[in-house]
Amino acid sequence: MDAKTWKNPIVAWVDKRLPIFTMMQHDLVDYPTPRNLNYWWNFGSLAGIVLVIMIATGVVLAMHYTPHTQHAFESVERIMRDVNYGWLLRYLHMNGASMFFIVVYIHMFRGLYYGSYKAPRELLWQIGVIILLAMMATAFMGYVLPWGQMSYWGAKVITNLFSAIPLVGDAIVTWLWGGFAVDNPTLNRFFALHYLLPFLLFALVFLHLVALHTSKSNNPLGIDVKGPQDTIPFTPYYTVKDMFGLGAFLIIYLAFVFFAPNFFGEPDNYIKANPMQTPPHIVPEWYFLPFYAILRAITFDVLFIPAKLLGVIAMFAAVLILLFLPWLDRSPVRSARFRPIYKQVFWLFVADCILLGVVGGHPPEGVWVPLGQAATAFYFAFFLVIMPLLSFIERPRPLPSSISAAVTGKGVGISAHGVAE
Amino acid sequence: MKRKTLAAAFATLLFTTGAAVASEAPKLPAQSWTFSGMFGTFERSDLQRGFQVYKQICSSCHAAHLLAYRNLTDIGFTPQQVTDIAADFEVEDGPNDEGEMFIRKAVAADRFVKPFPNEAASRAANNGAYPPDLSLMTKARIGGPDYVYALLTGYKEEPPAGFALMEGMHYNEYFAGHQVAMAPPLSEGAVDYADGTTATVEQMAKDVVTFLSWAAEPEMEARKRLGVKVMIFLVVLTALLFALKRKIWSDVH
């Protein structure tokens, strides 16, 4: 971070004492970025922007929301009906959650495809997994706040999972609820935590960025940057590319907000929570469906471990296994472009995740049970069997000598704006 | 190619999970609503007729506690008309200076008066069934307006052979389980439309579903109006950003 001389005397004065302008120059302008990033690299900045939108809309919503079982549902409807542009804030926040997961899931699949989790980016990836976990907790608790039928029963089903823990399970559930049922104390603490967690998320995102700017961005070729000829400064190149991506993203996001605001939601959540009446079909929000399918896939006890506990373990393992990804995949080649077998298996894995999502949306009966079990088996086999095995049996294609060689057509024929081959 | 595959897979994920949840309900005939689509709006005449049906028929059992009389100006009633409508109802207020609760006429600021003071009273008067609140009905059922319309027009005099209908229940094609406690609410000429429209069952069902759709989403017209403007703005902005991106990147390619 060489001291740049700032022309503006005030900027120079501040920067000498607190180098925020130098830092901004370093990380937002000069930051050397591989010149061949494709549009899949837009989703990181999009996720950051969605987080800011969620916090901004959420803070205003919190000013009008009442976290009490007797008033929560009505206070949300009051926001929809009587608060100026309350419907806009609420629909932005509600659909923003879905968009957040879409963007983050794409961001993660991109990392998986191009090997962005491999050395030296292991911690960068792991912080990302923690961000996903924090997001899931935040989204789950946020969904409880409107206190509709799915809010209530979703909260009940998910918190009840902890009762599967041997010996102390029931005590933990009572502790989580703050009583002997999902009730006002539960709603109060969920609201407090739903407000707190996004700020922790923000801090985690900051760490994610520090780690990113330390090891620098991966790229579609997955090869290291060899010199200045391989990079371009972040501004203006990627700033404008991210802005364009943001415009395209906002068109999709706001089309849902304005024209199909309840597309991702469950009609049952417009019925006020009723502890005496179980909905015929309890489903979580769509972004949890693959994990819900894994939870319900275990229908059999193994030795002395009951099926319920196994299901809970499997569900948490499905996320936590991502933490070990850098060591499960031993292949020295990062990008799937040069890994002929992994490239095929990757798309099978994507299809498997989608299948799990579909299974999670259906009641666990008939063909959905074995289908969910097969999909769950493949999900774990992908990480525990296929990935380690491929490191040994796969013969990667030759890597281009450098990014700039590939870009200028001397290596493999890939253009700089990185249209997938 | 890859990009297309992913987009298709992604679309499958989005749409099948939504559809998966809807699959257990019987197939609803799709109605054409004036308020569907990007530019859809509510017809004020439909809304007012629908309110009449709600007021004269539905509201004798069903509450709509999220609506206030003042909201009726949105569907074309004048403030005076709203005051008159509200004045037909009584609410408990107080305590007054003597510490007594008292009954007064409802005013525009009051919420729609409920037909029964509480759920128990409601069940007692309705053979143990609880007529649900209608404020959010079209948002709270899979199929929305189409479902409510289908339910209102889906009664059969006689259940199909072999169907065991319980005492006091009514057969309805579209209600889950086909047994509904609500008697067929609409019958030919059940209301006298002021504008001379013939009150067929279908007409009343269409009108009241339009009214309930407005009740559930009173912001819908404002939302779509703003949405169209926002979309136009964003498309232009994004096109400009794309041109700018091409310009800036021209020396890299």
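**Exercise 1. Work out how helices α3 and α10 of chain A meet in this predicted model, starting from the handedness of their crossing.**

*Solution.* Start with the handedness: α3(A) and α10(A) cross in a right-handed way. Next, see who does the touching. On the α3(A) side the contact uses A:S45, A:L46 and A:I49, while α10(A) brings A:D242, A:G245, A:L246 and A:F249. Sort those residues by class and you get 4 nonpolar, 2 polar and 1 charged.

Now for the geometry. Helix α3 covers residues 43–64 of chain A and helix α10 covers residues 234–259; their axes come within 10 Å and cross at roughly 60°. Angles from 65 to 115 degrees would count as roughly perpendicular, and those under 35 as roughly parallel. The pair is therefore oblique.

**Exercise 2. Describe the side of chain A that touches chain B.**

*Solution.* Begin with the head count: 38 residues of chain A are in contact with 36 residues of chain B. Then look for the elements behind them. On the chain A side, those giving two or more residues are α4 (72–81), α10 and α14 (340–360). Of these, α10(A) has the largest share, with 14 residues. So you meet α10(A) again here, after its crossing with α3(A).

Finish with the classes: this side of chain A has 27 nonpolar, 7 polar and 4 charged residues.

**Exercise 3. Find the residues that touch the most other members of the largest nonpolar core, then follow A:A293 outwards.**

*Solution.* This core holds 87 residues, and the ones touching the most other members are A:A47, A:V50, A:F100, A:V103, A:A293, A:I294 and A:L356. Helix α5 (residues 86–113) of chain A supplies the largest share, 16 residues.

Pick A:A293 and skip its neighbours within four places in sequence: its contacts are then A:L356, A:V359, A:G360, A:G372 and A:A375. Notice A:L356, which is also on the list of residues touching the most other core members. Apart from this core lies another one, of 44 residues, including B:L28, B:L47, B:A205 and B:A215.

**Exercise 4. Is A:P388 buried or partly exposed, and what does A:P388 touch?**

*Solution.* First, place the residue: A:P388 sits in helix α15 (residues 368–393) of chain A. Second, count neighbours. A:P388 has 14 C-beta neighbours inside 10 Å, so it counts as partly exposed; buried would take 20 or more.

Third, check its partners. Beyond four places in sequence, A:P388 is in contact with A:L328 and A:R330. A:L328 is 60 residues away from A:P388 in sequence, yet their C-alpha atoms are 5.4 Å apart.

Definitions and conventions: Residues numbered from 1 in each chain as written. Chains lettered and ligands numbered in written order. Predicted model: local features only at pLDDT ≥ 70, side-chain atom pairs only at ≥ 80, totals over all residues. Axes fitted to C-alpha atoms, helices over the stretch in contact; angles between N-to-C directions. Helix = DSSP H or I, 4+ residues; strand = E, 2+ residues; numbered from the N terminus. Parallel < 35°, antiparallel > 145°, perpendicular 65-115°, else oblique. Left-handed = near helix turned anticlockwise from the far one by under 90°. Contact = placed C-beta atoms within 7 Å. Nonpolar A, V, L, I, M, F, W, Y, C, P; charged D, E, K, R; others polar. Core = buried A, V, L, I, M, F, W, Y, C linked by C-beta atoms within 7 Å. Buried ≥ 20, exposed ≤ 12 C-beta atoms within 10 Å, placed from the backbone.
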